[in-house]
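Please open the structure in your viewer and keep the selection panel at hand. The tour goes from the whole chain to one helix and then to a single residue.

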Amino acid sequence: MELTPPGPRGIPPLFARLVDDSALFPPGDATMPEALRAHFETRGGDHSGVLGVFLCQASRLPELITELIKMKPKEPLPLSLIIDTGLGGVPKAISIVESRDELLALRMVEMPAPSDVDEVWLERVSEFVPEDVVRVVEPRRGVGWLDGVRKVIEHGSWPKIRCGGLSSENFPSVDEVADFLAVVSGFSGASFKATNSLHRAVRHTDPESGFTHHGFLNLLVAVARCLSGRDVREALESTDGEALAQEARELGEPAAKAVRSLFASYAVATFSEPVKDLEELRLL
């Protein structure tokens, strides 16, 4: 499902609408006015074609609407609703959004799955979320994780992979990411979303935390290799930005669109960081 029109201003297909705005979430934690002001500035800027949807918790919808009323945006804000109120709160939250369609355009609803990814629960997700809105469900990594990923796809939702966080346990290994890609790519027409700690293009170790972060360019190249039967793990492990960038440049438009059909988007708290990396690698 295409969430937004192709990226304007000559943005390459590989990066069009790639980066969703999670400024309200750690490590960003911006205030609502700050987050919205920055989002609309970006949407009117030279790299607006890279920008996807704005993420907001269901519990903060009244605050979001209040600020949008003050701002009077020219167009509705493309929204991904993050369910932090439990599955039972989904219908009310969606009703609130739909009642303010002059301010909000609901594109996506995201939520964590229960530990066992129960099929009855997944059916309720399908019932609660309108057909024209993307459903994103995050199975917890652990025993049976990939079975949960399969169930999410089979029920018509996108699985989400969390690529980092505030502790080492939040960072999946290269093997776990590769296995996830193998599962998702095995389903015709499947898409996934990624989140957390993908603010830089290339795999690197944070000098402050000591955590090794996955890179979003690594992930894009890995998906391309996954689709063409090449070495996925090597792409995920690479710290050679120039080599990864060159491989990305060599993708034709059909291949780039196939990559993005599978790897639909990822969320980041600071939009300027991924854009800076792409510019430095001469990809924008």
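A residue is called buried here when its relative accessible area is under 20%, and by that cut-off buried residues make up 52% of the 284 residues in this chain, which is a predicted model.

Begin with the whole chain selected and shown as a cartoon, where 11 helices and 10 strands can be traced. The radius of gyration is 18 Å, close to the 19 Å that the globule rule gives for 284 residues, so the chain is as compact as a globular protein of that length. Along its principal axes the C-alpha trace spans about 45 × 45 × 40 Å, and of the contacts between residues at least 6 apart in sequence, 73% join residues at least 24 apart.

Next, select helix α5, residues 145–154, and display the side chains of Trp-145, Gly-148, Val-149, Val-152 and Ile-153, which are buried. These residues lie on the same side of α5, because they cover an arc of only 135° around the axis. If you then add α4 (119–128), β5 (134–138), β6 (158–162) and α6 (174–185), you will see the elements against which the buried residues of α5 pack. Just beyond, Gly-156 follows α5 with a positive phi, near 85°.

Finally, move to helix α11, residues 272–280, and pick Pro-274 within it. Pro-274 counts as buried because its relative accessibility is 0%. Leaving aside neighbours within four places in sequence, Pro-274 is in contact with Val-19, His-199, Phe-216, Tyr-266 and Val-268. A C-alpha to C-alpha distance drawn from Pro-274 to Gly-215 should read 9.7 Å, although the two are 59 residues apart in sequence.

Definitions and conventions
Residues are numbered from 1 along each chain as its sequence is written. This is a predicted model: local features need pLDDT of at least 70, side-chain atom pairs count only at pLDDT 80 or more; totals for chains, interfaces and linings use all residues. Side-chain values use heavy atoms; hydrogens and water are left out. Helices (H or I, at least four residues) and strands (E, at least two) are DSSP runs, numbered from the N terminus. Buried means under 20% relative accessible area, exposed over 50%, partly exposed in between (1.4 Å probe, protein chains only). Contact means heavy atoms within 4.5 Å. The arc is that of the directions from the helix axis to the C-beta atoms. The radius of gyration is taken over C-alpha atoms; the globule rule is 2.2 Å times the number of residues to the power 0.38.
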